[in-house]
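Visitor: I am new to this structure, and I would like a close look at one small part of it. Could you pick a single spot and then show me what lies around it?

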Amino acid sequence: MLADPERLGYCRRDQIERPFNKLKGGAARGTMQRSRIVPIRFGHYTSASMSTHRRSGRWANLSLSFFLLCALLLVLMLMGGASRADAMGQVVVRGTTWLLVILCILFGSPPDMRQVRPVAMLLLAAFVLVLVQLVPLPPSVWQMLPGRANLGGIIDPLSWRPLAIVPGAAWNAASSLIVPFAVLLFLAGMEPRERAWLPGILLGLAAFSMIIGLLQFSGAGFANPFINDTPGQVAGMFANRNHFALFLALGCLIAPTWAFGNSRPGWRIPIALGLLILFAMTILASGSRAGILVGVPGIGIGLFMARNGIRRMLRHAPRWMFPAILVGVVALIAIFILLLVAADRAVSIDRAFALDRAEDMRTRGLPTVLAMVSLYFPAGSGFGGFDPMFRMHEPFELLKPTYFNHAHNDFLEIALDGGLPGVLLLAAAIGWWLIASIRAWRGDTSYATARLGSALLLLIFMASMLDYPARTPMMMAVIVIAASWLNASADFRAKTAARVDRLA
């Protein structure tokens, strides 16, 4: 902005020295001092106007991959909270994802796959495994596979069939992987400073879903036509309240890191504390028992990861201040939770105490699932086909008006669907996570983002033992982002740490 030439202002010398050097042929180059403050006339840009110019230039220099990833995350938040293949949102999500991928290929910068190589290899291996299950096999070979002999009277014995007993479900499983592939492509094309904004973006998405959940909790009757949600259930933008509670638990983990990962937290502290309390209360209001199991460690690990930032902020305060603040935060959360329980609105706790293991479908269906795993191992029954396969083996005493759509234990379901190759791929993924996590937690403060990725994947692993969150497109995207953080090289961590103070 131009001002009156007679008014004087003050500006850092390095903000005005370079343009003058160009005009004077570099004559004043030797007088440059970055820390010196000099008066200038407002006939030129002042420090404030230059700062505004730099901020606008920073947004203008963002990569196309960053905008494409933000657009995809928005679509996933609105329509990617379901796992069923017949949900309306699946068509929109996959069509939009393909469109964004094409735009990235045509107009985006070449991706740097070095930062995401192990993640890309695991994802590619999963895709190849699903495709292999769709390769037609001769009748003699197909009937030799475990569990196929009993299907001879149902299927034409002379027809070539793929390993997957339900080929349509396997095709759907293969096509669903476009979402994590797209997220990986966009991440590989982003700059370190753009990736440093992702924790704040994910926290904002968790807060948005929480607001929708609170509207449902208040009786507003919000329904999402793009997912197969249950009327009257507090599930936010997800079809399953367990997945919603997990997403809020991830928010509990991100909020303290987002606030205290900056050397000047300032306004972030009250926002993070408020979100932490609201996330915890909404998890209890959702009625998700699994949400309690991931919400408590989410809060604990989040506060533990923020300890260095809190200590840095309190470096001039008495020593007793740090533990006092931690105890105060935990006590404040506990008070709000007790108020929720006293008001008889903590549905998750009520369902946990009212749980009858004899009536819980997870417990009743587990013997049948284990028998199916044993029957089809080591070839597997085919990805995505649990529902029709379970109906074939469902005993009479488990019949009910509703159906058992998944094993509610993704580790067992991968063993059932993928057989030995699926188990080996799962073991490789967990082994990589474990090795990378040990390296991250043993490192210095430059590993903060990697530790966050490790903790996010830990909560998702815990939730996958009781449900199937990784089968929703939104969670697929979160898993890839967390894995890319965990895999970040030392050079990327150093660049991210140098720019953390400028997070938006």
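Guide: Let's begin at Ala306, which is in contact (heavy atoms within 4.5 Å) with Pro256 and Phe260, once its neighbours within four places in sequence are left aside. Before going on, a word on the source: this is a predicted model, in which local features need pLDDT of at least 70 and side-chain atom pairs count only at pLDDT 80 or more, while totals for chains, interfaces and linings use all residues. Residues are numbered from 1 along each chain as its sequence is written, and side-chain values use heavy atoms, with hydrogens and water left out.

Ala306 sits in the loop between helix H13 (289-305) and helix H14 (307-313); helices here are DSSP runs of H or I with at least four residues, numbered from the N terminus. With a relative accessibility of 3%, Ala306 counts as buried, a word that means under 20% relative accessible area, whereas exposed means over 50% and partly exposed is in between (1.4 Å probe, protein chains only). Along the chain, Ala306 and Phe260 are 46 residues apart, yet their C-alpha atoms are separated by 5.7 Å.

Beside this loop residue in the sequence is Arg307, which lies over the face of Phe304, at 4.0 Å from the ring centre. For such a charge over a ring, NZ of Lys or CZ of Arg must be within 6 Å of the ring centre and within 35 degrees of the ring normal.

Now follow Phe260 into its helix, H11 (residues 241-260), which gives 14 residues to the largest nonpolar core, the most of any contributor. A nonpolar core is a set of buried Ala, Val, Leu, Ile, Met, Phe, Trp, Tyr and Cys residues joined through side-chain atoms within 4.5 Å. This core has 96 residues, and those with the most contacts inside it are Phe186, Phe247, Leu250 and Met474. Take Leu250: leaving aside neighbours within four places in sequence, Leu250 is in contact with Leu456, Leu459, Ile460, Met475 and Val478. Apart from the largest core lies another, of 20 residues, with Leu137, Trp142, Leu163 and Met361 among them. In soluble globular proteins, nonpolar side chains tend to be buried together.

How far can you trust the picture? The protein averages a pLDDT of 81, and 79% of the residues score at least 70; pLDDT is the predictor's confidence in each residue, from 0 to 100. Over residues 1-53, however, pLDDT stays under 50. Where pLDDT is low, the predicted coordinates should not be read in detail.

Note on methods
Helices (H or I, at least four residues) and strands (E, at least two) are DSSP runs, numbered from the N terminus.
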